[in-house]
Amino acid sequence: MGNRGMEELIPLVNKLQDAFSAIGQNANLDLPQIAVVGGQSAGKSSVLENFVGKDFLPRGSGIVTRRPLVLQLINCPTEYAEFLHCKGKKFTDFDEVRQEIEGETDRITGQNKGISPVPINLRVYSPNVLNLTLVDLPGMTKVPVGDQPADIESQIRDMIMQFVTKENCLLLAVSPANSDLANSDALKIAKEVDPQGLRTIGVITKLDLMDEGTDAREILENKLLPLRRGYIGVVNRSQKDIDGKKDITAAIAAERKFFLTHPSYRHLAERMGTPYLQKVLNQQLTNHIRDTLPGLRNKLQSQLLSIEKEVEEYKNFRPDDPSRKTKALLQMVQQFAVDFEKRIEGSGDQIDTYELSGGARINRIFHERFPFELVKMEFDEKELRKEISYAIKNIHGIRTGLFTPDMAFETIVKRQIAKIKEPCQKCVDLVISELVNTVRQCTKKLAQYPMLREEMERIVTQHIRDRESRTKNQVMLLIDIELAYMNTNHEDFIGFANAQQRSSQMSKKKAAGNQVIRKGWLTINNIGIMKGGAKEYWFVLTAETLSWYKDDEEKEKKYMLPVDNLKLRDIEKSFMSSKHIFALFNTEQRNVYKDYRQLELACETQDELDSWKASFLRAGVYPERITQSEASEENGSDSFMHSMDPQLERQVETIRNLVDSYMAIVNKTVRDLMPKTIMHLMINNTKEFIHAELLAQLYSCGDQNTLMEESAEQAQHRDEMLRMYHALKEALHIIGDISTTTVSTALPPPVDDSWLQVQGGPSGRRSPMSSPTPQRRAPPGPPRPGGRTAPGPPAAGAPPVPSRPGASPDPFSGPPPQVPSRPNRAPPGVPRISISDQ
């Protein structure tokens with residue numbers, strides 16, 4: 001093979017396979033291996049048993065191999081087996097190995113003939129094996145048996161594909177000689193995943209079970225459906241031999257005798273049989289590993305880089321160091337304080353690009369949600385006018401008043417200010433919810449210390465809850481201060497003289513230019529299926545109109561809707577939809593859009609919905625509010641509003657304008673003071689508490705050793721990461737030592753593999769027209785002793801390429817022979833059904 005480094009390649013890949021299987025990451029790294037594929041009972045498992053020289057695989061009729069078996073053969077003076085799932089336990093009795101495979105299979109798949117893609121890793125040490133890694137896969141089946149699912153065929157196929165589609169996987173395509181090769185499941189898979197034939201090695205089993213007068217000579221000579229790496233024939237033990245406990249050593253001797261004495265195969269005897277197959281596989285796998293080394297090295301290096309940062313923290317970990325826990329506690333508290341501040345203040349290296357978090361969400365509460373809630377409480381025109389008219393009438397009492405009473409203004413304003421308490425409290429609740437959520441996000445980094453995480457969350461959340469009552473009291477105090485005194489001398493207050501001109505001024509102010517307030521995608525939700533169904537458009541909201549376009553280039557306008565007399569109402573989410581919906585409707589009961597009474601618009605998220613509502617507020621589109629009294633009034637129970645006298649109407653209008661002006665001042669003040677109050681009493685106070693008192697509170701709550709107990713998951717994760725890190729380092733080190741100029745056997749020259757590349761698949765018929773027989777030389781003589789050269793039908797003059805020193809030359813070199821016609825022999829009979837998994 002050249003140098004010792006190449007001999008170590010297969011054990012190295014075995015080590016990698018174990019390391020990555022244990023960590024559950026073997027799927028990420030495409031390790032070189034040989035997958036054994038073929039139909040059910042084609043003899044795959046028997047071939048593997050012959051390699052080991054022991055009976056150790058489950059046997060029976062139907063599907064026996066129900067999980068992939070990763071079999072690692074290691075040349076070693078002593079003979080024993082080990083399972084990856086039974087670390088440290090050595091099996092010297094191979095009957096126990098079989099029982100363990102059956103038990104482990106049933107543990108995952110149950111006893112109902114089901115299958116699972118989770119591999120069983122078995123390592124066999126023996127002086128009789130060559131270093132080799134094979135994956136025994138379940139046989140292809142067509143019909144479900146027992147409790148198997150109806151799609152068992154596609155399940156097995158998908159599982160096989162997981163292995164064989166990887167470029168670093170060689171295919172050992174096992175086909176029985178007593179059925180037509182053109183119908184071979186193994187070659188069908190090989191044709192699909194390896195059309196160039198670079199990775200496929202053919203194995204023909206059951207040569208001794210062929211009908212009298214037929215043989216597989218043309219297949220083994222690589223003339224019928226040729227493969228670049230050729231075919232090797234083997235003879236496994238029959239079910240009778242197995243039941244009679246025939247020794248595998250004796251079986252291999254019988255196999256050797258079969259090839260030497262059979263007239264059709266004796267010229268090929270040196271290149272047939274299990275020992276030769278094992279040698280070829282060892283050589284081909286080693287060569288294959290060598291060829292894939294550069295790619296493997298790159299993958300290992302990229303994996304190493306990806307975990308290096310995390311492993312750096314674990315390298316100096318000393319569980320018995322008494323100062324470690326104290327140091328870790330200080331670091332964790334410090335880290336938590338920094339993370340909390342960054343999330344609130346908005347700076348930070350790890351900025352979330354998928355959703356708003358921390359400070360950004362609180363900002364939205366202050367400047368979108370809270371103003372929206374205020375307006376929702378404030379603007380209910382009909383209700384307000386009714387209250388004003390009742391107040392004026394009740395103040396005048398039995399007399400008919402000549403002047404507009406001041407007390408009516410004061411009474412109505414106080415009622416309106418009192419209504420602000422609810423949205424203010426709601427604002428505090430929303431901010432608290434966000435703060436608690438931010439604390440949880442920040443403690444995620446403490447997952448390795450579950451007790452510390454729990455305690456830290458409890459202390460900070462408790463502090464936030466303690467501040468809640470203080471903040472709410474202060475907010476209520478702000479509202480009470482507003483209620484205590486009506487400052488009608490305020491510079492922004494319009495005063496009695498200007499109150500009557502207010503309505504005309506407001507209408508002028510409304511037309512303050514067609515300024516764009518918001519743009520974005522919305523779905524029109526209530527268009528019927530016949531008219532195209534719900535569709536997404538690009539909406540542009542200005543101070544006067546709502547327009548929508550086909551897309552955000554704003555070239556093709558679909559419709560323009562004036563926002564005058566529009567109001568907004570929420571619509572409940574439907575059972576089938578995850579979208580958040582609101583509707584625009586006309587207060588004068590007119591159609592809003594074409595023949596629709598309301599226009600239903602849908603957003604993807606609640607945040608988007610809140611943002612659009614706040615934008616509509618700026619455009620003067622306010623939310624609807626229906627009360628019980630209003631509903632009863634509409635039913636005609638109170639016709640007072642419709643029969644108001646002109647003088648009362650003027651007084652109501654005057655008070656209405658005064659209230660409007662004064663409430664604008666109050667709202668402006670509250671909108672300004674609320675964020676400041678919450679920031680001071682709640683958010684800044686919590687930040688100070690985390691910096692100044694959190695550590696002291698943690699120290700006072702009990703034993704630090706208990707607090708800093710590491711989670712079992714974290715300890716396991718650290719060990720796994722370190723193991724993986726060292727496995728990767730070692731692998732790169734060994735790969736680095738291997739000379740890339742190592743002498744190894746070249747891949748055999750190409751053959752006529754057009755049958756592999758034709759999409760239609762190999763046909764069952766082979767006529768002389770489609771497969772001309774090549775010019776053949778005189779029949780070969782008997783095999784020469786010594787096995788140094790392999791006589792046989794030499795290919796057109798090309799010398800055989802040497803393999804390793806002392807090994808037989810590659811039997812399948814030479815230019816590609818044409819696909820021959822089948823010779824004039826009796827056709828093979830109906831394939832016999834064998835109950836053994838041979």
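**Warm-up: the chain as a whole**

Of the 838 residues in this chain, 49% count as buried, and the coordinates come from a predicted model.

**Exercise 1.** Work out how far the model can be trusted, and where pLDDT falls below 50.

*Solution.* Start with the average: the mean pLDDT of the chain is 74, and 73% of the residues reach 70 or more. Next, look for weak stretches. One of them is residues 506-512, with pLDDT below 50 and five contacts beyond near neighbours in sequence. Another is residues 626-643, where pLDDT stays under 50 and the model has 20 contacts beyond four places in sequence. Where pLDDT is low, the predicted coordinates should not be read in detail.

**Exercise 2.** Take the sheet that contains β1 and find its strand order and its edges.

*Solution.* Trace the neighbours one by one, and you get an open sheet of eight strands, β3-β4-β2-β5-β1-β6-β7-β8, with mixed pairing. Now check the ends: β3 (80-83) and β8 (231-233) each have a single partner strand, so one side of each is left without a neighbour in the sheet. On average, neighbouring strands here are turned by 25° against each other, direction ignored. For a closer look at one pairing, pick β1 (residues 33-38) and β5 (residues 132-136): they run parallel and are joined by three bridges. Ala35 stands opposite Val135 of β5.

**Exercise 3.** Do the same for the sheet around β10, then say what lies across it.

*Solution.* Begin with β10 itself (residues 535-542), a mostly covered strand with six of its eight residues buried. On one hand, β10 pairs with β9 (residues 516-524) in the antiparallel sense over eight bridges, and Ile524 sits opposite Lys535 there. On the other hand, β10 pairs with β11 (residues 545-549), again antiparallel, over four bridges; Val540 has Ser547 as its bridge partner. Two residues separate β10 and β11, which form a hairpin.

Now widen the view. The full open sheet has eight strands in the order β12-β11-β10-β9-β15-β14-β13-β16, with mixed pairing. The edges are β12 (557-562) and β16 (622-623), each with a single partner strand, so one side of each lacks a neighbour in the sheet. At the β16 end, β13 (residues 566-571) pairs with β16 in the parallel sense over two bridges, and Leu568 has Pro623 as its partner.

Last step: helix α19 (residues 606-618) lies across β9, β10, β11, β13, β14, β15 and β16, and runs at about 135° to β9.

**Exercise 4.** Classify two aromatic pairs, Phe258 with Phe259 and Trp612 with Phe616.

*Solution.* A pair of aromatic rings is described by the distance of the centres and the angle of the planes. By the rule used here, the count comes to 15 aromatic pairs. For Phe258 and Phe259, the centres are 5.4 Å apart and the planes stand at 75°, so the pair is edge-to-face. Both Phe258 and Phe259 are buried. For Trp612 and Phe616, read 6.0 Å centre to centre and 35° between the planes, which makes a tilted pair.

Then place the second pair: Trp612 and Phe616 both lie in helix α19, four residues apart, about one turn of the helix. Trp612 is buried, with a relative accessible area of 0%, and Phe616 also counts as buried at 0%.

**Exercise 5.** Find which residues ring pairs link into a cluster.

*Solution.* Follow the pairs from ring to ring, and you collect Phe539, Trp548, Tyr559, Tyr593 and Tyr596.

Note on methods:
Residues numbered from 1 in each chain as written. Predicted model: local features only at pLDDT ≥ 70, side-chain atom pairs only at ≥ 80, totals over all residues. Heavy atoms only, no water. Buried < 20%, exposed > 50% of the residue type's maximum accessible area, 1.4 Å probe, protein only. Pairing = 2+ DSSP bridges. Contact = heavy atoms within 4.5 Å. Axes fitted to C-alpha atoms, helices over the stretch in contact; angles between N-to-C directions. pLDDT = per-residue confidence, 0-100. Phe/Tyr/Trp six-rings, centres within 6.5 Å; stacked < 30°, edge-to-face > 60°.
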